[in-house]
Amino acid sequence: MKTLKLKEVFTPGGQPSITYVSREHLGLEKRVKDALSRGYSINVVTGSTKSGKTVLCNHVLDQTGDSVTIEGGQVKSEEDFWEQIAYTLEVGSQRSRKVAGTGTATDEAVLEGSIPGVKASVRSGSAQGKTHERSVTYTINTQRAALDSLVERDVSLLVDDFHYIDKSVQRAIIRALKGAVFKGLAVILLAVPHRAFDPMTVEQELEGRFKHVEIPPWDLDDLLQIPSRGFDALNVTNDPGLNKKICEEGFGNPLLVQEICSELCIASGISSRAVVKQEIVVGELDAALAEIAKSKGFPKYSKLRQGPDAKKKRMLREFKDGRSQDKYSAILTALAALGPQQRTEYEDLRVALQGLLKPGSMPAKHEITSALSNMSKVAREKIEGEPPLEWVESEDALIITDPFLLFYMKWATDHLAPGASA
């Protein structure tokens with residue numbers, strides 16, 4: 001029997017099987033299946049970054065028939081989109097057909113027809129007045145060929161990260177899909193919540209042919225099934241306390257939980273299932289979390305720390321431990337010192353800053369709120385996908401929605417608050 005490998009159990013960034021959690025109590029699979037069964041609509045499935053919407057839809061599509069997946073981040077033009085589908089379905093760029101008829105001479109020639117892009121190669125018989133057969137070869141339109149193939153072969157189309165595609169290209173794709181959807185093509189577009197209605201925005205005629213399925217946040221009980229199932233499969237001692245700690249550090253994100261479990265197994269020398277019971281080295285958890293943080297959240301953190309383009313040199317704030325940072329870096333350091341948390345009240349942030357900075361370096365309230373407002377603008381305009389944070393001025397609160405950013409702020413050792421340790 002083949003030995004079960006670690007990467008077959010915990011699959012951060014991949015499609016899980018052993019550690020797939022359907023969250024049956026939410027009926028998510030049924031909602032996606034029902035949307036596909038109804039047909040004749042474009043289905044938009046939304047959820048926060050790495051919330052499991054791709055995993056869910058792939059799991060459902062694997063059960064319901066053939067499908068083609070297109071990554072929105074790889075689509076730079078309308079031609080890219082259709083060519084990727086044609087390549088996946090192995091649709092050729094030319095087609096041939098034989099046409100019977102009569103001719104008066106032996107001949108072979110290339111005919112330019114009245115249809116754009118069509119060339120006909122004709123071979124006729126050798127005797128005058130005899131029946132002959134023509135072989136017509138013509139170049140096909142990639143878009144039409146891809147759509148026809150999807151419909152004729154009853155293949156579903158999944159477009160991941162649809163929001164990454166340029167608006168003008170989105171519009172062209174949606175317009176082209178309408179006719180195929182009318183013929184029964186099953187289409188699922190995946191997007192972040194605030195971009196759920198992009199398809200209707202770019203094409204008003206979609207009203208009535210649009211279905212929305214929203215993926216809710218994960219709760220702790222659902223996340224706990226990931227380490228529990230995975231450790232059992234690897235014959236690793238299942239410690240409920242450790243499993244809970246892992247899931248709490250995942251900030252409600254299944255991909256992070258998968259990665260923490262995987263990294264912790266590697267740190268404990270576990271790479272596959274063993275006959276004898278294996279033990280996790282609990283003392284390696286913090287080191288595993290710090291290792292994961294190196295590849296999570298930094299690009300977003302870096303842009304937020306930079307803030308808007310500065311017109312003049314920024315004033316440095318002096319920390320009690322001797323460091324100096326501008327107000328953007330100081331605010332992020334204070335947020336990290338508070339947890340970090342998904343929601344931080346202004347007053348809590350102010351207290352955290354006072355605890356870190358020397359008295360003369362403490363920024364005034366308007367300086368702090370101005371920086372938070374600018375960071376929120378950077379999150380909307382300079383970071384792709386769902387904005388990772390938002391300053392809600394009416395509530396005097398900062399909301400951080402991105403689990404990778406929260407994870408980085410807590411575990412990346414290069415920016416931790418003075419006196420903190422990973």
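**Close-up views of a predicted model**

**View 1. Strand E1 and its two parallel partners.** E1 and strand E9 (residues 210-214) run parallel and are paired over 5 bridges. This is a predicted model, and that goes for every view below. Within the E1–E9 pairing, Ile 42 has Phe 210 as its bridge partner, while Thr 46 sits opposite Glu 214. E1 also pairs with E8: again the strands are parallel, and 5 bridges join them. Look for Val 45 here, which stands opposite Leu 190 in E8. As general background, strands of a sheet pair through backbone hydrogen bonds, either parallel or antiparallel.

**View 2. Both faces of E1.** Strand E1 covers residues 42-46, and 5 of its 5 residues are buried. In a regular strand the side chains alternate between the two faces of the sheet. In E1, one side carries Ile 42, Val 44 and Thr 46, the other Asn 43 and Val 45, and all of these are buried. In other words, E1 is covered on both faces.

**View 3. The five-stranded sheet, with helix H3 on it.** Zoom out a bit from E1 and you get an open sheet of 5 strands, in the order E2-E7-E8-E1-E9, with parallel pairing. Strand E2 (67-71) and E9 are the edge strands, each pairing on one side only. From one strand to the next, the twist averages 20 degrees. Helix H3 (residues 53-64) packs on this sheet and touches E1, E2, strand E7 (156-160) and E8. The direction of H3 makes about 165 degrees with that of E8.

**View 4. Helix H4 against helix H6.** Two packed helices are described by the angle between their axes and the distance between the axes. For H4 (residues 78-88) and H6 (residues 167-182), the axes come within 9 Å and cross at roughly 45 degrees. The two helices are therefore oblique to each other. On the H4 side, the contact residues are Glu 78, Phe 81 and Trp 82. They meet Val 169, Ala 172, Ile 173, Ala 176 and Leu 177 in H6. Sorted by class, this H4–H6 contact has 7 nonpolar, no polar and 1 charged residues.

**View 5. Two edge-to-face aromatic pairs.** The structure holds 4 aromatic pairs. In one of them, the ring centres of Phe 10 and Phe 231 are 5.5 Å apart and the planes are at 75 degrees, so the pair is edge-to-face. This pair links distant parts of the chain, with the two positions 221 residues apart: Phe 10 is in the loop between helix H1 (6-9) and helix H2 (28-38), and Phe 231 is in helix H8 (residues 220-233). Phe 10 counts as buried, at 1% relative accessibility, and Phe 231 also counts as buried, at 1%. Then there's Phe 81 with Trp 82: their ring centres are 4.9 Å apart and their planes at 90 degrees, so this pair is edge-to-face too. Phe 81 and Trp 82 are both buried.

**View 6. An aromatic cluster.** Phe 298, Tyr 301 and Tyr 408 form one aromatic cluster.

**View 7. Lys 183, out in a loop.** Lys 183 lies in the loop between H6 and strand E8 (187-191). With a relative accessible area of 59%, Lys 183 is exposed. Leaving aside neighbours within four places in sequence, Lys 183 is in contact with Tyr 40 and Val 151. Between Lys 183 and Asp 148 there are 9.9 Å, C-alpha to C-alpha, and the two are 35 residues apart in sequence.

**View 8. Backbone oddities in three loops.** Most residues other than glycine have a negative phi, and most peptide bonds are trans. Asp 161 isn't a glycine, yet its phi is positive, about 50 degrees; this residue is in the loop between E7 and H6. Asn 235 isn't a glycine either, and its phi is positive at about 60 degrees. You'll find Asn 235 in the loop between H8 and helix H9 (240-249), where Asn 235 counts as buried at 11% relative accessibility. As for peptide bonds, the one joining Gly 339 and Pro 340 is cis, with omega about -10 degrees. Pro 340 is in the loop between helix H13 (327-337) and strand E12 (343-345).

Definitions and conventions. Residues are numbered from 1 along each chain as its sequence is written. This is a predicted model: local features need pLDDT of at least 70, side-chain atom pairs count only at pLDDT 80 or more; totals for chains, interfaces and linings use all residues. Side-chain values use heavy atoms; hydrogens and water are left out. Axes are lines fitted to C-alpha atoms, for helices over the stretch in contact, and angles run from 0 to 180 degrees between N-to-C directions. Helices (H or I, at least four residues) and strands (E, at least two) are DSSP runs, numbered from the N terminus. Angles under 35 degrees count as roughly parallel, over 145 as roughly antiparallel, 65 to 115 as roughly perpendicular and the rest as oblique. Contact means heavy atoms within 4.5 Å. Ala, Val, Leu, Ile, Met, Phe, Trp, Tyr, Cys and Pro count as nonpolar, Asp, Glu, Lys and Arg as charged, and the others, Gly among them, as polar. Buried means under 20% relative accessible area, exposed over 50%, partly exposed in between (1.4 Å probe, protein chains only). Two strands pair if DSSP finds at least two bridges between them. Rings of Phe, Tyr and Trp (its six-membered ring) pair if their centres lie within 6.5 Å; planes under 30 degrees apart count as stacked, over 60 as edge-to-face and the rest as tilted.
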